Amino acid sequence: MDSRIITITSGKGGVGKTTTTANLSTALAMQGKKVVAVDSDIGLRNLDAVLGLENRIVYDLVDVVEGQCRLRQALIKDKRLPDLYLLPAAQTRDKNAVNSVQMEQLCQQLRQEFDFVIIDSPAGIEQGFRNAIVGADEIVIVANPEMASVRDADRIIGLVEAAGKPEPRLILNRLRPEMVRRGDMMDVADVIEVLGIDLIGIVPEDEAIIVATNKGEPAVYDKRSRAGRAFLNAAQRLLGEEVPLDEVEDVPSFMERLRRLMGMGPATHEKRVRSQSS
Amino acid sequence: MGVFEFMIKRKKPTPGELAKERLKVVLVHDRLKLNPELLELIRAELLTVVSRRLEVEEQQVEISLAREDGYDKLLANIPIKRQKVKFEWDPPSHTSNEVLRGKVRIEETEAEA
C-alpha cells in the first residue's frame, strides 16, 4: 500500500497541533482515505477529546508498544467516519515510556493498514518530539504569526533537516486578517520569507474552533467555519490538489455576493499569497 | 486618515514589521549559534586584520548579523579614517580612485604585485 506517514509538530506549545491533526485526519477520511490519527503526546492525552472519542479508550499507544494488547485492540473507530481511527496516547505514563525504535516499528505496522498515518507530536524538542518524527515520511509544522512560535518553528526546521527528513511544510494557524491589515501582525508573506519553507495552509483565527473542541466535533464538519474550510483546503493540498491560497481573503460584502450571484461581478478571483517585500 | 497612516508608516515600523525584523536577526543568531561574546571576538579579530592595512574609526565599527537575499550574512560596517601607508608595490601614479576610497580588495592588490 502506498501510504504516507505525516507528523504534525511545532516546537512551541499551544499553537494548534492537536486541532490541526484532528481536522486534517477528519478531512482526509472524508475524502475516503483510510486514516489513523496517532496521539504521541504521552502523558498529556488530548487528541481523543478533540475528536470526541475520549470515553471509548481501553488501550493506548504504550500498551501496543509494550505488547500488552494487539494494535487492533487499541485502535478506536470514529463515531461518524468509517475510515477514521484514533490511536490514543497513554495518560498515566511519561514521555520516556516509548523509545525511537519502538515508535518506528509502530509506524511500519500502521503503514500496513492505513493510507494516512497522522501523528500529533508533543511540544518541545526532546525525546517525545524525536519519537514523533522518527517514522515520518513528511513533516508539517504548525506556527502562529508571532515571534515565539516562528522562532521555534525555525528551530524545528533545523532539527527535521538534521534527522534526514524532507523539508517540512507549513500551516500558518490563527492568523488574524484584521490585525494584519492594521500592521499589528506579521503577514503570511513575512512568515514565509523568514522560514523559507512551503506553505500548505493558512488558517484564520476562528471561535468555531473552540466550539468544535467543546463539542468533540472537528471544525471541518462546520461548513460556516472559516478555519474549518481552511483545514479542508490544507487537506486537499496534502492530496496534491491545486487549491488557491485564498483563506484570508475578505468575506465578500452583501452587494458583492449579489453581483456574483447575478453573474455580474468579477469571477471568484484567485489571490495568491501577498508577496510584498520591504 | 489614509494620508496620516502613510506619514506614520514612514516614521516607525508597525508592530508586524517590527516582529519580522526582530525575528530575522534572532533567527540568524539561533541558526549560527552565535552569542554576543563570540560576535565581539569576531569584531576584534576583524579589526586587527583590517587595521594592518587601513586606519579605521574603531569606535564606529558595527558588526551585525542579518538575513538578506536568502543568505545569513555577517555585516561589517567599518568606517575608514584615511590611508595609513602607501603600498610599496603600488606607485602613487597607479593608485586608483577605488583604493583612495578604501574599496579595493587587498588580495587583488597583492596579486598584481
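Biologist: Which residue of β4(A) stands opposite V35(A)?

Modeller: This is a predicted model. In it, strand β2 of chain A covers residues 35–39, and four bridges join β2(A) to β4, residues 84–87. The two strands run parallel. Across from V35(A), in β4(A), stands L84(A).

Biologist: In β5(A), what is the bridge partner of V36(A)?

Modeller: β2(A) also pairs with β5, residues 116–120 of chain A. Five bridges join these two strands, and they run parallel. The partner of V36(A) in β5(A) is V117(A).

Biologist: How many residues of strand β2 of chain A are buried?

Modeller: Take the two faces in turn. In a regular strand, side chains alternate between the two faces of the sheet. On one side of β2(A), V35(A), A37(A) and D39(A) are buried; on the other, V36(A) and V38(A) are buried too. So both faces are covered, and the count for the strand is five of five.

Biologist: Which residues have the most contacts inside the largest nonpolar core?

Modeller: Nonpolar side chains tend to be buried together in soluble globular proteins. Here the largest nonpolar core has 85 residues. Helix α11 of chain A, residues 226–238, gives the largest share of this core, with seven residues. The residues with the most contacts inside the core are L61(A), V117(A) and F231(A).

Biologist: Which residues does V117(A) touch, leaving out those up to four places away in sequence?

Modeller: Start with β2(A), where V117(A) is the bridge partner of V36(A). V36(A) is on the contact list, along with others. The full list is S3(A), I5(A), V36(A), V38(A), C107(A), L110(A) and R111(A).

Biologist: Does R174(A) count as buried or exposed?

Modeller: R174(A) lies in strand β7, residues 169–175 of chain A. Its phi is near 60 degrees, a positive value in a residue other than glycine. The cut-off for burial is 20 or more other C-beta atoms within 10 Å. R174(A) has 21 such neighbours, so it counts as buried.

Biologist: And K33(B), buried or exposed?

Modeller: K33(B) sits in the loop between α2 (15–32) and α3 (36–51) of chain B. Phi of K33(B) is near 50 degrees, again positive in a residue other than glycine. A residue is exposed at 12 or fewer C-beta neighbours. K33(B) has 7 other C-beta atoms within 10 Å, so it is exposed.

Biologist: How far apart in space are R56(A) and D78(A), C-alpha to C-alpha?

Modeller: R56(A) is in the loop between α2 (47–50) and α3 (61–65) of chain A. It counts as partly exposed because it has 14 C-beta neighbours inside 10 Å. In sequence, R56(A) and D78(A) are 22 residues apart. In space, their C-alpha atoms are separated by 9.9 Å.

Biologist: Which element gives the most to the side of chain A that touches chain B?

Modeller: In all, 16 residues of chain A contact 13 residues of chain B. On the chain A side, α7 (147–162) and α9 (188–195) each supply at least two residues. One helix gives six residues, the most of any element: α7(A).

Biologist: How do the residues on that side of chain A divide by type?

Modeller: Sort the residues of chain A that touch chain B into three classes, nonpolar, polar and charged. The split is six nonpolar, three polar and seven charged.

Biologist: Where in chain B does pLDDT stay under 50?

Modeller: The mean pLDDT of chain B is 75. Of its residues, 62% reach 70 or more. One stretch stays under 50, and the model has four contacts for it beyond four places in sequence. That stretch is residues 108–113.

Conventions. Residues numbered from 1 in each chain as written. Chains lettered and ligands numbered in written order. Predicted model: local features only at pLDDT ≥ 70, side-chain atom pairs only at ≥ 80, totals over all residues. Contact = placed C-beta atoms within 7 Å. Nonpolar A, V, L, I, M, F, W, Y, C, P; charged D, E, K, R; others polar. pLDDT = per-residue confidence, 0-100. Pairing = 2+ DSSP bridges. Core = buried A, V, L, I, M, F, W, Y, C linked by C-beta atoms within 7 Å.
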